[in-house]
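Please open the structure in your viewer and keep the selection panel at hand. The stops below are meant to be taken in order, each beginning with something to select.

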Amino acid sequence: MLSASRHLASPARRRALRGLAVMGAAVVVLAGCGSDSDSGKAKAKGDAGAGDSATRTVKDATGKAVEIPAHPKRIVTLTQEDLDAVLALGIEPAGITNGQGLNKPPAYLEDKVDGIPVVGNLLQPVMDKVVAAKPDLILAGDMQDEQVLKQLREITPATLVTMAPTDDWKLSLRGIGNAVNELEKANKVITDYEAAAKKAGGELGKNKAAAVSIVRWNPDGPSWMENKQFASGVALDMGLKRPKSQNKDGNAHTPSLSLEKINEIDGDWLFLSTLTPDGEKALKDVQSKPAYKGLNAVKNKHVTTVNGSVWSTRGGPLAAQEVIDDIKKALTNG
């Protein structure tokens, strides 16, 4: 069973998976190449005019060649990143899973998924429910459980691992766009996002180029996010900076810090999130302690609590807009 916080792997696990990540990232780029490439070539089974029987062969994020419908009609998503991506591409899925750390779909997507069957929790599908959704394409996120993948491929061979351990959301979106035959739209979504991020960053007035600290509070203390982690990347796309202590490459988070090292989470602005009730309790408890009260961001009332199921994930275009909105609201009101 995979934990709800699997998006933020430990440093040791990231090192172990680095080789796979590089291969996966390269493969997703290949899968997003032009339609005359092997990864995106359409072919017909049987009669050339078979219509819905047309298929394409794409490579997923592990390098596996997968035959999928040329125009999939019933897509099941197993992570909120996959869900975010297909919704941004204008596609309504046939089945979804609950959000990270949640027993319901992500709140920021709630109005877009009303009535869509839930087939399990994040990366923990209930096979009978997946079968009932009658998928012709399953987007399996960063699923690494081979037994689960085998079961899913028995439901439909068109099951794609959509992200390698260190892929960012833009690369994953292009791979998903290619898989659903909407690569051009995926590229436009990314271009539109980048323009929106730049525009929002330019409207921050005196806080333009401020140093923002991005922190998840765990039951055993805070972890700050590295530069290539999802929300950090959005902040950088807006032209913001990271505090000197947090200006590190990488796409995950630090180990939980003790109160003796709490200064590492300070910045011009501090964005705090949690993922579990225990994390929420730990954050509430620390807010009365002198070490927390002594942070410059706290003393200047530059602290904003944000949604961990958005800020602490691997992200997508709709989540990225949420982060832009949260940052803009905080920094233009402060």
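How much area does the chain expose, and what share of it do carbon and sulfur atoms supply? With the whole chain shown as a surface, the exposed area comes to about 15100 Å², of which carbon and sulfur atoms supply 50%. Please keep in mind throughout that this is a predicted model.

Switch now to a cartoon view, in which 12 helices and 12 strands can be traced along the chain. Of the 334 residues, 53% count as buried, and among the contacts with a separation of 6 or more, residues 24 or more positions apart account for 65%.

**Two packed helices**

Select helix H5, residues 169–179, together with helix H6, residues 183–202, whose axes lie 7 Å apart and pack at an angle of about 155°. Because angles over 145 degrees count as roughly antiparallel, H5 is described as roughly antiparallel to H6. To see what makes the contact, show the side chains of Trp169, Lys170, Leu173, Arg174, Gly177 and Asn178 on H5, and those of Leu183, Ala186, Asn187, Val189, Ile190, Tyr193 and Glu194 on H6. Coloured by character, the residues of this contact divide into seven nonpolar, three polar and three charged.

Next, move to the loop between H5 and H6, where Asn181 is found. Asn181 is not a glycine, yet its phi is positive, at about 65°. Is this residue buried, partly exposed or exposed? Asn181 has a relative accessibility of 33% and therefore counts as partly exposed.

**A buried alanine**

Select Ala320, which has its place in helix H12, residues 317–333. Its relative accessible area is 0%, so Ala320 counts as buried. Which residues does Ala320 touch, if those up to four places away in sequence are not counted? They are Trp169, Tyr193, Phe230 and Val234, and two of these names have already appeared on the tour, Trp169 on the H5 side and Tyr193 on the H6 side of the helix contact. Adding Asp84 to the selection shows a residue that is 236 residues from Ala320 in sequence but 9.9 Å from it in space, C-alpha to C-alpha.

**Aromatic pairs**

The count of aromatic pairs comes to three, and two of them are visited here. Select Trp217 and Tyr292, which form an edge-to-face pair with 6.3 Å centre to centre and 75° between the planes. This pair links distant parts of the chain, since Trp217 belongs to strand E9 (residues 212–218) and Tyr292 to helix H9 (residues 290–293), 75 residues apart. Trp217 counts as buried because its relative accessibility is 3%, and Tyr292, at 5%, counts as buried too.

Then select Phe271 and Trp311, a stacked pair whose rings are 5.0 Å apart centre to centre, with 20° between the planes. Here again distant parts of the chain are linked, with Phe271 in strand E11 (residues 269–273) and Trp311 in helix H11 (residues 308–311), 40 residues apart. Both Phe271 and Trp311 are buried.

**A last loop**

Finally, select Lys301, in the loop between helix H10 (296–299) and strand E12 (303–305). Lys301 has a positive phi of about 60° although it is not a glycine. Most residues other than glycine have a negative phi. With a relative accessibility of 74%, Lys301 counts as exposed.

Terms used. Residues numbered from 1 in each chain as written. Predicted model: local features only at pLDDT ≥ 70, side-chain atom pairs only at ≥ 80, totals over all residues. Heavy atoms only, no water. Axes fitted to C-alpha atoms, helices over the stretch in contact; angles between N-to-C directions. Helix = DSSP H or I, 4+ residues; strand = E, 2+ residues; numbered from the N terminus. Parallel < 35°, antiparallel > 145°, perpendicular 65-115°, else oblique. Contact = heavy atoms within 4.5 Å. Nonpolar A, V, L, I, M, F, W, Y, C, P; charged D, E, K, R; others polar. Buried < 20%, exposed > 50% of the residue type's maximum accessible area, 1.4 Å probe, protein only. Areas by Shrake-Rupley, 256 points an atom, 1.4 Å probe, with all protein chains shown as cover. Phe/Tyr/Trp six-rings, centres within 6.5 Å; stacked < 30°, edge-to-face > 60°.
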